[in-house]
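Have the model open in your viewer and keep the selection panel handy. We will walk through it stop by stop, starting with a single residue and moving out to whole chains.

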Amino acid sequence: MTSPILHVEDLKATYGPVQVLHGIDFTVFPKEIVVVLGANGAGKTTTLRSISGMIQTSGRIELNGEETRNLTPSEIVRRGVAHVPQGRGTFPELTVEENLKVGAFIRTDKDIKIDIDTCYENYPVLYERKTQMAGSLSGGEQQMLAVSRALMSRPQLLLMDEPSLGLAPQIVEDLFTRFVAINREQETTMLIVEQNAQLALDIANRGYVLESGRISVEGKAEELINDDAIRRAYLGA
Amino acid sequence: MDLFLQRVVDAITNGSTYALIAVAMVLIFKATTLINFAQGEQAMLGAFAVLQLWNWGIPMWGAVIIGMLFSGILAAGLERAFIRKFDPADHLPLVIITLGLFLVINAVAAIIWRFDPQSFPQLFPSGNAFTYNNVRLSWYSIFAFGSCVLVLFVLQTLLTRTKIGLAFRAVSSNLESSRLSGIKIGPTLQFGWALAAAAGTLGASIYAANPVLQIEPSMMLRALIFSVTAAALGGLDSLWGALIGGLTIGFVQSVVVQYIPFIPNEMSLSAAVVVLLIVLTLRPSGVLGTRAVERV
Amino acid sequence: MASKIQISNGTRTYRNSRIVMWACFVISLLLIAFAYVDVGTISIGSNNYNLSLIRLNKAIAYTIAILGLQVVIGYTGQIALGQSFFFGTGAYISAWLIADHSWPFLVTLLIVIPSCFIIGMVLGLPALRIRGLYLALLTFGLAAVFPSIVKLDKLYTYTGGAGGKLTSNYKFIAPAWLPFDEVAQALQKLPILGGFFGDGPLSNREESRLWKFILFCVIAGICFWLVYNLIHSRPGRAMRAIRDNETSAAVSGINLAITKTLSFGVASALGGVGGAIYVAEVGIASPDDFSSLVAIYLIVGLVVGGVGTLPGAVLGGLIYALVPDWASSTQSISFVPQRWLQGPTGSLILGLLLIILTLFLPGGMVTGWRKLKNRLKPTEVRAS
């Protein structure tokens, strides 16, 4: 078995007096798409923010076997983690192209231009709008830009916080289809937190269900889709 | 007519120096949505450093450049020591800190250099470049305006063409995503503070180099109000807005106030505050500023 | 197990202990007044520090102005920096009435309070649209223009221009029924402590100074009482709601416009009362006593005492009145170069205080003291 890219053990986090995560464990292996399902307030966003070093936590977070819990966000990005935050992942006052350049901020190599072109190939609409302010894009375009921006750092692991939030179903489907393609072509490992269980499980290899700060169910995506409890809770069947 | 033209010239001269301080405030506001009340005092301290260096025998423009570096480094230090630990969304502590810096810097300058006005080196050729009837366009006016435009071009280039400039704009646009893109927020803001202080120092030096003015620790008290108004007119987050705001305020000060009979001469400061009031009431995001959306 | 007695709120013992506390406070104020009615100084090394009633009277004036800032900044959360504007307005109105119309001081307050209240409300109107930093900017600008307004030629007859308006025609004469002399004599006869209270009967000047101090204390007391009641009343709760979250306050049905303008009005009225007392003490209203620097010093007073604490205003007023004065009367300290002592050291100290307190003790000194007290107090069983 290959060694995990991300291993989280007994992760606990609090916001002020409120404990949000009560010790969760999960693992992500290279080239996987792993989805974390959960309702509002289950601790999904907190989980991702813990991994990228945005909040203080206790427990263990290992990236390629190295403890990263006490690193700053900028150090964690440099270790190959990119994070698309919920909602506003773009820089509204910067042009589309500048957004992508910010994404490549940690890189000093010469291939940035090539990667920008790759982004434009993935999402041609971004090429059409490359000199527009990101703030003027539609919600779907902004999410594409946010994902592209995150990919610009050439991450090993891409964290995505509810990419489907507030988008029309058709756009979400396109977006998720591209995730699969990116996962195959660029071999980017993905950890997606979602409420939209059906879509997420369709593209995922494995999944975890987070309930009130604890992992309640875990398993292969196919198993989860057929799990009665999950069907009732998330798939409305 | 001649008088009018002369006053327009004066307006441009004054407006350019206000614009330079305003630009400094804009840089800091862009990055942290903070209005630095100590900006004028930092600039004054920088100008005094320039004067001191010049008195020690360093060539004039060399002194200006070292003075700008000095105030830039000082500002970076101030940011690290006093500003960074506060939440940018909580305005009161930050306002209080910058007011504290205002008092401290003013007092330190007065302790070191005393309150007596001193003459500042002539940065620009003296005399008039151009005389038409009674309208005199001095070299000082030309250079003051020229330097202002030059500084804006340099800043513009720095912010759009360099990596640190891009980082700076990213931070001012979206703090969270900047951190998630690997930008180190602290040093980036420090860079903004340093840049602002350097621009301010240049502004104060040019202001003090005005042949009719002298340098003294309280020289920026009035200029601060004019500059703040200029910055607000431009929307507080637009570099070129600061220039337009500065020129507008210069215009109000030396043209409008002179021609409206019921506004006495010494009311230029009040006129600036009235302009500030009108701008903030009618269009809080300024003339060129971006409108902010308030979130709950 | 706890030997200390905890007196709980609302009982008769509690009420009595409060009365005793306040009585002690008033008596100690009076003792201070009698002790320092003559020019009192403290000597530390070769430096003499003035602690006369003149300083304390100024401190009362600042305290009331800072109390106004407590209302608008501390309780309503509006960053209004221009208190010196209203301080000056009150001072000039009072000076004008006293000098040109020979009104008695107390009667001028009847004009000062409503006019400052109204001016404050009117100038507060833009604050309904302008918020946060923008408001701070604007009010700072307001503070900066005050001296140039009173220096206007057109207002010369009212304000006296750059020279200021003298009010020395009005003398504070202590009412004859007040037994100042007798009290002073009695205090002087006290064993051991008698020496602190000077010698012989009080001169007229001393009596009038004493009378002023008592009068100002009473005015300050009334102001505190009114503000205390205001912040514990319905509008006061509305103010605090706005401070904590403006949007939530608005959606819970609080009328932002009325509450904010009320808060501005009250703050300005208090500023005006402070200014009137200031003028009554120094005998002249002059433009530079109301510069933007004064506005900043008042903010220092607010922060040093503690934003949002009423006793903080007293501490703030004292610090504002005493620190710059004492700093400039410090002639020599070992290790500190003479040049430094001759500069504006008061301003330096106040600025440093502002920064240090904001960094390390955000609640100000009063809150700091309360925290310390709580820490020292052993945890004990509360009597129910």
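Start by selecting Pro211(B). This is a predicted model, and in it Pro211(B) counts as partly exposed because it has 14 C-beta neighbours inside 10 Å; a residue needs 20 or more to be buried, and 12 or fewer to be exposed. Zoom out a little and you will find Pro211(B) in the loop that joins α8 (185-208) to α9 (220-233) of chain B.

Now show what surrounds this proline. Leaving aside residues up to four places away in sequence, Pro211(B) touches Ser126(B) and Tyr140(B). Add Phe120(B) to the selection and draw a C-alpha to C-alpha distance: Phe120(B) and Pro211(B) are 91 residues apart in sequence, yet 8.5 Å apart in space.

**Next stop: the sheet in chain A**

Switch to a cartoon view of chain A. Here you can trace an open sheet of 6 strands with mixed pairing, in the order β6-β7-β8-β3-β9-β10. Which strands stand at its edges? Select β6 (81-84) and β10 (214-220) of chain A: each has a single partner strand, so one side of each has no neighbour in the sheet. If you compare strand directions across the sheet, neighbours are turned by 15 degrees against each other on average, with direction ignored.

Stay at the β6 edge. The partner of β6(A) is β7 (residues 157-161) of chain A, and the two run in the parallel sense over 4 bridges. To see one of the bridge pairs, pick Val84(A) and Met160(A), its partner in β7(A). Then colour α6 (residues 139-151) of chain A: this helix packs on the sheet and touches β6 and β7 of chain A. The direction of α6(A) makes about 170 degrees with that of β6(A).

**The two domains of chain A**

Colour chain A by its domain assignment, with domain 1 as 1-80 + 155-237 and domain 2 as 89-154. Their C-alpha centres lie 23 Å apart. Where they meet, domain 1 of chain A supplies 12 residues and domain 2 of chain A supplies 10. On the domain 1 side, α2 and α7 (169-185) of chain A each give two or more residues, and α7(A) has the largest share, with 4 residues. By class, this side of domain 1 has 8 nonpolar, 2 polar and 2 charged residues.

**Where chain A meets chain B**

Bring chain B back into view. The contact takes 22 residues from chain A and 15 residues from chain B. On the chain A side, select α2 (73-78) and α3 (96-103), the elements that give two or more residues. The classes on this side are 10 nonpolar, 7 polar and 5 charged residues.

**Last stop: chain C**

Finally, display chain C, with its 16 helices and 4 strands. Of its 384 residues, 47% count as buried. If you plot a contact map, residues 24 or more positions apart account for 76% of the chain C contacts with a separation of 6 or more.

Now look at chain C against chain B: 40 residues of chain C are in contact with 36 residues of chain B. Select α5 (132-150), α12 (292-305), α14 (338-342) and α15 (345-360) of chain C, each of which supplies at least two residues to this side. Which helix gives the most? That is α5(C), with 13 residues. Colour the chain C side by class to finish, and you will find 26 nonpolar, 9 polar and 5 charged residues.

Conventions. Residues are numbered from 1 along each chain as its sequence is written. Chains are lettered from A and ligands numbered from 1 in the order in which they are written. This is a predicted model: local features need pLDDT of at least 70, side-chain atom pairs count only at pLDDT 80 or more; totals for chains, interfaces and linings use all residues. Two residues are in contact if their C-beta atoms, placed from the backbone, lie within 7 Å. Ala, Val, Leu, Ile, Met, Phe, Trp, Tyr, Cys and Pro count as nonpolar, Asp, Glu, Lys and Arg as charged, and the others, Gly among them, as polar. Domain bounds come from an automatic or database domain assignment. Two strands pair if DSSP finds at least two bridges between them. Axes are lines fitted to C-alpha atoms, for helices over the stretch in contact, and angles run from 0 to 180 degrees between N-to-C directions.
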